[in-house]
Amino acid sequence: MAEPQSQPSTNGSSTTPQNGHSEQWGTDRPVTLDANGTLDTPHGTAHPNVGKSIPDIEAIGPDSEPLTTWQKRNSINPHDQIKLVRLSHMRYQHPDLDQITTFLLDFGMHIAKRSPDGERIWYRGYGTAQYVYYAQRGPKKFLGGTFEVESHAELEKALALQPPNSEAEKPTIEELHEAPGGGSLLTLHDPEGFPINLMYGQEPAAKGEYPSKVIVNDEVDKPRVRKFNRFTPGPAAVHKLGHYGLCVQDFPSQVKWYTQNFNLAPTDFLFVPTPSSSNEDTSPAAAPGSEAVKPENQEEGGQKAATAGGRMDVAVFLHVDRGEEPTDHHTFFMSMNAKSHVHHCSFEVHDYDTQHLGHQWLASKKYTSVWGIGRHILGSQIFDYWWDTTGNMIEHYADGDLVNKDTPVAWNNAGDESLAVWGPEVPKWFLE
């Protein structure tokens with residue numbers, strides 16, 4: 001089958017025609033239901049759709065286990081982990097700072113500071129982060145996501161992590177004299193060479209003006225009496241950095257490095273079926289190098305996993321484990337891939353209308369849409385992905401799930417419409 005070709009829309013933005021299917025981890029699968037005149041779906045006969053908010057345990061189902069059980073099974077001691085607080089900002093290198101600045105302003109950020117020589121720019125949203133994005137001039141390069149840690153002692157603790165190879169320079173703690181809010185920064189590298197930045201001591205910024213919450217009427221509850229909803233066209237103002245992700249080659253080793261060294265906890269794994277030559281243990285744990293549930297009944301209330309054939313984990317969504325404190329469904333994710341590369345970074349916006357208006361604004365400026373707008377299943381976010389002017393993928397999202405230590409670790413079939421419940425079909429390059 002021929003590759004779908006990018007087509008210019010009437011407003012000049014690039015889109016990809018739907019073809020009914022997209023290949024993911026070797027499986028050709030329907031991603032969204034097509035208007036083909038039939039009510040038959042991969043799950044049986046379709047009924048009128050319904051949306052509802054349900055408890056995490058109910059939504060996740062039996063293919064799960066408590067976080068403490070997963071950590072114990074993977075020999076993870078939370079007391080040994082470097083304690084992250086939140087994801088602060090992204091760092092990239094761009095050859096044309098003027099061009100990327102125009103894009104980021106259209107994306108909904110604004111400039112917090114320029115360096116006197118014009119070689120570095122910090123961009124912020126309207127939250128309390130001094131900046132959510134840092135760019136410096138140079139050949140295209142990913143400089144890593146940046147996490148705030150609990151104390152300066154955590155930076156010193158992180159210095160003990162060995163570089164991935166003998167050629168790597170020993171990491172040092174850098175004082176951010178020039179950056180808004182100051183602070184100290186430490187850059188480490190994971191086993192595949194991806195940078196990860198740790199920061200402490202930055203002074204928080206004054207919170208910007210928050211948008212008012214739009215009142216919504218439904219068929220029963222109609223609180224919006226004599227109040228008309230009105231909207232202003234323009235960029236979708238960025239609130240904060242939400243998450244970023246990597247495509248990696250040695251998935252088990254990468255999962256082990258991040259979850260043992262940092263308080264990054266899995267919320268969801270995605271798996272693919274694998275042939276099984278034995279009925280003794282056909283769970284994900286039986287796959288070489290896999291990090292997944294056992295078929296036995298788990299301790300501490302864990303559920304029994306599906307055992308119909310072997311399976312292998314190929315992606316994971318990780319959240320910052322802050323105990324009882326709610327945190328985003330995922331702050332970091334990884335997906336198995338033939339080539340190691342950064343996948344995308346994602347920024348929170350106010351609501352559904354803001355996101356649509358932002359999509360319309362970016363399309364009117366003739367930027368290239370990757371995928372969206374749609375609704376994810378895992379994390380529940382409204383998503384909208386774009387290419388920036390350097391060729392990096394970047395996302396707006398709204399209305400994401402929150403989790404805490406009591407949310408079970410879940411497993412989901414990667415080939416079962418796991419990416420979206422509605423929206424355009426996922427383009428092939430998004431999965432690559």
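Me: What makes β23 and β24 a hairpin, and which residue in the turn has a positive phi?

Reply: In this predicted model, β23 and β24 form a hairpin with 5 residues between them, and G391 in the turn has a positive phi of about 100 degrees. The two strands run antiparallel and are joined by 6 bridges; since strands are said to pair when DSSP finds at least two bridges between them, the 6 bridges here satisfy that criterion, and therefore β23 and β24 count as paired. Within this pairing, I382 stands opposite A398 in β24.

Me: How do you know that β21 and β24 pair, and in which sense?

Reply: Strand β21 (residues 341-348) and β24 are linked by 5 bridges in the parallel sense, and because at least two bridges are required, the two strands are counted as a pair. One of the bridges can be located by its residues, as H344 has M393 in β24 for a partner.

Me: What is the order of the strands in the open sheet that includes β24?

Reply: The open sheet has 11 strands in the order β7-β26-β17-β18-β20-β16-β21-β24-β23-β22-β27, with mixed pairing. Its edge strands are β7 (64-65) and β27 (420-422), each of which pairs on one side only. Elsewhere in the sheet, strand β18 (residues 310-320) and strand β20 (residues 332-336) pair in the antiparallel sense over 4 bridges, and F317 has F333 in β20 as its bridge partner.

Me: Why is strand β24 called mostly covered?

Reply: A residue is buried when its relative accessible area is under 20%, and in β24 (residues 393-398) 6 of the 6 residues are buried, so the strand is described as mostly covered. In a regular strand the side chains alternate between the two faces of the sheet. For β24, M393, E395 and Y397 are buried on one side, while I394, H396 and A398 are buried on the other, and both faces are thus covered.

Me: Why is H396 called buried, and what does H396 touch?

Reply: H396, which is found in strand β24, has a relative accessibility of 0%, and because this value is under 20%, H396 counts as buried. Leaving aside residues up to four places away in sequence, H396 touches F107, A236, V238, S346, F347, V349, Q355, L362, I382, F383 and D384.

Me: What makes the approach of H396 to F107 a polar contact?

Reply: A polar atom of the H396 side chain lies 2.7 Å from the backbone oxygen of F107, and because a polar contact is a pair of N or O atoms within 3.5 Å, the distance of 2.7 Å falls inside the cut-off. F107 is itself one of the buried residues of α3, among them L97, I100 and F103.

Me: What caps the N-terminal end of α3, and which residue just after α3 takes a positive phi?

Reply: D96 caps the N-terminal end of α3, with a side-chain oxygen 3.2 Å from the backbone nitrogen of D98. Just after α3, G108 takes a positive phi of about 120 degrees.

Me: How far apart are P95 and P139 in sequence and in space?

Reply: P95 and P139 are 44 residues apart in sequence and 5.0 Å apart in space, C-alpha to C-alpha. P95 is found in the loop between β8 (84-94) and α3 (97-107), and, not counting residues up to four places away in sequence, P95 touches R137, G138, K140 and T390.

Me: Why is K366 called exposed, whereas D399 is called partly exposed?

Reply: Exposed means over 50% relative accessible area, and K366 has 56%, so K366 is exposed. D399, at 48%, lies between the limits of 20% and 50%, and therefore counts as partly exposed. K366 lies in the loop between α6 (352-364) and β22 and has a positive phi of about 70 degrees although it is not a glycine. D399, found in the loop between β24 and β25 (402-403), has a positive phi of about 60 degrees, and D399 is not a glycine either.

Me: Why can I377 belong to a nonpolar surface patch?

Reply: Patch residues need over 30% relative accessible area, and I377 has 38%, so I377 passes that cut-off. Y352, I377, V421 and W422 form the patch, with about 370 Å² of accessible area together. I377 is found in the loop between β22 (369-376) and β23 (382-387).

Definitions and conventions:
Residues are numbered from 1 along each chain as its sequence is written. This is a predicted model: local features need pLDDT of at least 70, side-chain atom pairs count only at pLDDT 80 or more; totals for chains, interfaces and linings use all residues. Side-chain values use heavy atoms; hydrogens and water are left out. Patches are made of residues with over 30% relative accessible area and no salt bridge: like charges are joined within 9 Å, nonpolar side chains (Val, Leu, Ile, Met, Phe, Trp, Tyr) within 5 Å. Accessible areas come from the Shrake-Rupley method with a 1.4 Å probe; for residues, only the protein chains shown count as cover. A salt bridge is a side-chain nitrogen of Lys or Arg within 4 Å of a carboxyl oxygen of Asp or Glu. Buried means under 20% relative accessible area, exposed over 50%, partly exposed in between (1.4 Å probe, protein chains only). Contact means heavy atoms within 4.5 Å. A polar contact is a pair of N or O atoms within 3.5 Å; within protein, one must be able to donate a hydrogen and the other to accept it, and residues adjacent in sequence count only if both atoms are side-chain atoms.
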